[in-house]
Amino acid sequence: MTSSWILTALLLLCPTLHTRAAIAYKEPYPWVASRGGHHLWSTRDPKFYICLSPKVACSEWLKFIHQEMLPSELQPHGSALYRPHKFPDYNLERRDPQSQSDYHKVQAIAEDPSVYKFAVVRHPWDRINSAYRSKYEGQCRFNNECFRRVFVPSLEVKDGIYTFHEVVKALTRIPPIHLDGHFRPQTLTCDLTTFPFDEFVDLKNITQMDLAAKRSGFKTPFSQASHEYGVFGENGRPTHKCHYCNWETVRLAEVIYGVDAAVLGYNFDDAYASCKEHGVSVWKPDMNVSELCI
């Protein structure tokens, strides 16, 4: 028992060790390493289990699943969408796999070949760009104290806007497991290196997204469901689709999210090219940089 406790603690502190050692650590599964992800499972046929990381269309998938499985009067809205809940009459649960009551149930799901188990994933570079845009520009409305207090406490106090580069640099000063869920690596929010998922479904691959919905038993393709992808901050100002960066910005991001990239088959080549050649996080030939970047 002592050795298991030590290994679990090391997994939390060192993401590199998490990748190398956790694969051999099968009994019991180290669910404690999974923090910040949204987990839903259904026991009706066909059975499915899904893990969603923040900033990987998690709100859209949560709404989609509830809309497909529950009557309108039972569908959670607002912040209730993210709270643990059970709908036994509809064979749907959203719980925390770290909790004592759910631990053995999730382990049983992991070992059940009849359950379709998948995680929706996203390139980490796109994800942190989205998190900066959504949380700093949108939710905090460029309020430094709000963003520092709620999301990135390692940022230094300053006047003026926190640049994307400054935020990425500040993220390196926090152990990955302790990053806010919107910035925490997906390998930690969903245990991608240890949980036996059948499939990683890429957010940008709409064919994969629709096939995952079909395998989960939904008649409506995910691409045809009603989604709410926001393009404006809460204060009505447009959020930016790209951010000024340089070679060092990408290198720092690769330090934090290198495990994600390796596990999911991504690389940072496009990010390096965009930041080094054009100085912005996302580059398209017809893009008006002065209007779309900050």
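**Helix H10 and three salt bridges**

Trainee: In this predicted model, how far apart are the end C-alpha atoms of helix H10 (residues 247–264)?

Mentor: Helix H10 has 18 residues, and a straight helix at 1.5 Å a residue would reach 26 Å. The end C-alpha atoms of H10 fall short of that span. Their separation is only 22 Å.

Trainee: On which residue is the kink in H10 centred?

Mentor: The kink in H10 amounts to about 70°. The residue at its centre is among the buried residues of the helix, a list that also includes Ile256 and Val259. The kink is centred on tyrosine 257.

Trainee: Which backbone nitrogen does a side-chain oxygen of asparagine 246 reach at the start of H10?

Mentor: The contact lies at the start of the helix, and the oxygen comes from the side chain of asparagine 246. That oxygen reaches to within 2.9 Å of its partner. The partner is the backbone nitrogen of glutamate 248.

Trainee: Which residue takes a positive phi just after H10?

Mentor: H10 covers residues 247–264. Just after the helix, a phi of about 80° is found. The residue is glycine 265.

Trainee: How many salt bridges does a search of the whole structure find?

Mentor: Side chains of opposite charge can pair when their charged atoms come close. One such pair here is glutamate 166 with lysine 158, at 3.2 Å from N to O. For the whole structure, the search finds 7.

Trainee: Glutamate 93 forms a salt bridge with lysine 105; is glutamate 93 buried or exposed?

Mentor: The closest N and O atoms of this pair are 3.2 Å apart. The pair links distant parts of the chain, with glutamate 93 in strand S4 (residues 92–94) and lysine 105 in helix H4 (residues 100–110). Lysine 105 is partly exposed at a relative accessible area of 31%. Because buried means under 20%, glutamate 93, at 15% relative accessibility, counts as buried.

Trainee: What is the relative accessible area of arginine 215, which meets glutamate 199 in a salt bridge?

Mentor: The side chains of arginine 215 and glutamate 199 meet at 3.8 Å, N to O. Arginine 215 lies in helix H9 (residues 206–215) and glutamate 199 in strand S6 (residues 199–202), 16 residues apart. Glutamate 199 is partly exposed, with a relative accessible area of 25%. Arginine 215 is also partly exposed, and its value is 46%.

Conventions:
Residues numbered from 1 in each chain as written. Heavy atoms only, no water. Helix = DSSP H or I, 4+ residues; strand = E, 2+ residues; numbered from the N terminus. Expected span 1.5 Å × (residues − 1). Bend = angle between axes of the 7 residues up to and from the residue. Buried < 20%, exposed > 50% of the residue type's maximum accessible area, 1.4 Å probe, protein only. Polar contact = N/O pair within 3.5 Å; in protein donor to acceptor, adjacent residues only side chain to side chain. Salt bridge = Lys/Arg side-chain N within 4 Å of Asp/Glu carboxyl O.
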